[in-house]
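Visitor: Could you take me through how the helices pack in this one? I'd like a close look at that part, with the residues named as you go.

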Amino acid sequence: MSGRFIVFEGGEGVGKSTQSRMLAEALRGRGIEVVTTREPGGTRGAEAIRALLLATDGPGFGARAEALLFAAARSDHVETLIRPALARGAWVVCDRYLDSSRAYQGGGSGLEDADILTLHRIGSAGLLPDCTVLLTLDPTEAAARVMQRDAGALDRIGGRAADYHARVAAAFQRFADAEPARFAVMEAEGAPEEVHARVLAAVEHLCAS
Ligand code: TYD
């Protein structure tokens, strides 16, 4: 039997990594093998690409090179970690995935969604999650959480202007509206336990199928 693939998406500071961890623990409590991972990164090669993408020194990359690098990191991640885990029946809980490329390099930086999907087809044979949990949060609250977490040390992409991040948020919402069966959109407002309860309710159907 093949496992299930669950992804957390959303802007900076919405609590994706906390919720990934909490969901993984809850699933393990039910006797499920769970692999937690993140993007960009998750494998040695992809973590090396992550360091290139997020470094704040040097000139960085243009939007197209950036999209190719994210797709290359994802390709390695999917081929060497995600697909093998799913094939042996494990569940994979991933912090960010394809929809981040569509929202940031597409919505934020202006690349065509079709081009990003083409890169994903080439790099990862188009693998999609069974469920994408989109966490939404008021931008002021999200900025406060990021400030608390990183003490203001933003990476190259997180540090982009507010209007860039507003386009990213709008793009995520558009994708969720267009594919309601794949997305579960939920407020990241409130204590982590409250959000976790919403997440569990949203992925419950995957346990039964
Ligand atoms: P991450 O470490 O998850 O940031 P945070 O914890 O602040 O949410 O991701 C690093 C940055 O990379 C983040 O600003 C989003 C960006 N990103 C893209 O632009 N495209 C992508 O495909 C992915 C996976 C991430």
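**Helix packing, up close**

Guide: Let's start with helix 1 (residues 16–29) and helix 8 (residues 192–208), whose axes come within 10 Å and cross at roughly 55 degrees. That angle makes helix 1 oblique to helix 8. Keep in mind that this is a predicted model. The crossing of helix 1 with helix 8 is right-handed. On the helix 1 side, the residues that make the contact are Thr18, Gln19, Met22, Leu23, Ala26 and Leu27. Across from them, helix 8 supplies Pro192, Glu193, Val195, His196, Val199, Leu200, Val203 and Cys207. Sort that contact by class and you get 10 nonpolar residues, three polar and one charged.

Now move along to helix 4 (residues 98–108), which meets helix 7 (residues 162–178): their axes come within 8 Å, with a crossing angle of roughly 130 degrees. So helix 4 is oblique to helix 7. This crossing, too, is right-handed. From helix 4, Asp99, Ser100, Arg102, Ala103, Tyr104, Gln105, Gly107 and Gly108 take part. Helix 7 answers with Tyr164, His165, Arg167, Val168, Ala171, Phe172 and Phe175. The class split here is seven nonpolar, five polar and three charged.

Stay on helix 4, as it also passes helix 5 (113–124). Those two axes come within 10 Å and cross at roughly 145 degrees, and the crossing of helix 4 with helix 5 is right-handed. Leu98, Ser101, Arg102, Gln105 and Gly106 are the helix 4 residues involved, and they meet Asp113, Ile116, Leu117 and His120 of helix 5. By class, that contact comes to three nonpolar, four polar and two charged residues. If you're colouring side chains, note that Arg102 and Gln105 of helix 4 turn up in the contact with helix 5 and also in the one with helix 7.

There's also some empty space around here. A search of the whole structure turns up one cavity of 30 Å³ or more, and the largest cavity holds about 40 Å³. Around that cavity you'll find Ala67, Phe70, Ala71, Arg74, Leu98, Ser101, Ile116, Leu119 and His120. Helix 3 (63–87), helix 4 and helix 5 are the elements that each give two or more residues to the lining. Helix 3 gives the most, with four. By class, the lining has six nonpolar residues, two polar and one charged. Some names should ring a bell: Leu98, Ser101, Ile116 and His120 line the cavity, and these residues also belong to the contact of helix 4 with helix 5.

While you're there, check the loop that runs from strand 3 (91–95) to helix 4, where arginine 96 sits. Arginine 96 isn't a glycine, yet its phi is positive, about 75 degrees. Most residues other than glycine have a negative phi, and most peptide bonds are trans. The second half of that rule has its own exception in this model: the bond from glutamate 39 to proline 40 is cis, with omega near -10 degrees. To find proline 40, look in the loop between strand 2 (34–38) and helix 2 (44–54).

Note on methods:
Residues numbered from 1 in each chain as written. Predicted model: local features only at pLDDT ≥ 70, side-chain atom pairs only at ≥ 80, totals over all residues. Heavy atoms only, no water. Axes fitted to C-alpha atoms, helices over the stretch in contact; angles between N-to-C directions. Parallel < 35°, antiparallel > 145°, perpendicular 65-115°, else oblique. Left-handed = near helix turned anticlockwise from the far one by under 90°. Contact = heavy atoms within 4.5 Å. Nonpolar A, V, L, I, M, F, W, Y, C, P; charged D, E, K, R; others polar. 1 Å grid on protein atoms, 1.4 Å probe; cavity = no way out; pocket = protein on both sides within 12 Å on 5 of 7 lines; lining within 4 Å. Points joined across faces, edges and corners; volume = space filled by probe spheres on them.
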